[in-house]
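Me: I should like to understand how the terms used for a protein model are justified. Please take them one at a time.

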Amino acid sequence: MRDVRAVRCLHVTRYVHATRYVHVVRFVHVRRYVHAVRYVHAMRYVHATRYVHAARHVREARAG
């Protein structure tokens, strides 16, 4: 009986470790994905504002 309990305990700990590992990996992937998306949005925003500013300058230069 002891052996069976020990084996069961081992399986449970292995399962817990495996699920924890999966959760950690998912968490890391999600964090990376979120950071990447934020970075892309920030870059787009920067490019857009730069483009708007440049267009404004061009318009002003043409008008003036």
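**Terms and their grounds**

Me: In which element is V7 found, and what makes that element a helix?
Reply: V7 is found in helix α1, residues 2-63. Helices are DSSP runs of H or I with at least four residues, strands are runs of E with at least two, and both are numbered from the N terminus. The protein chain has one helix and zero strands. V34 is found in helix α1, and V52 is found in helix α1 as well.

Me: What kind of model is this, and how are its residues numbered?
Reply: The model is predicted, so local features need pLDDT of at least 70 and side-chain atom pairs pLDDT 80 or more, while totals for chains, interfaces and linings use all residues. Residues are numbered from 1 along each chain as its sequence is written, and side-chain values use heavy atoms, with hydrogens and water left out.

Me: Why is V7 called partly exposed?
Reply: Buried means under 20% relative accessible area, exposed means over 50%, and partly exposed lies in between (1.4 Å probe, protein chains only). V7 has 44% relative accessibility, and therefore counts as partly exposed. V52, at 42%, is partly exposed too, and so is V34, at 34%. Buried residues make up 0% of the 64 residues in the protein chain.

Me: How do you know that the protein chain is not a compact globule?
Reply: The radius of gyration is taken over C-alpha atoms, and the globule rule is 2.2 Å times the number of residues to the power 0.38. For 64 residues a compact globule would have a value near 11 Å, but the protein chain has 27 Å. Along its principal axes the C-alpha trace spans about 95 × 5 × 5 Å.

Me: How far apart in space are V7 and Y39, C-alpha to C-alpha?
Reply: The two residues are 47 Å apart in space and 32 residues apart in sequence. For V52 and V34, which are 18 residues apart along the chain, the C-alpha separation is 27 Å.
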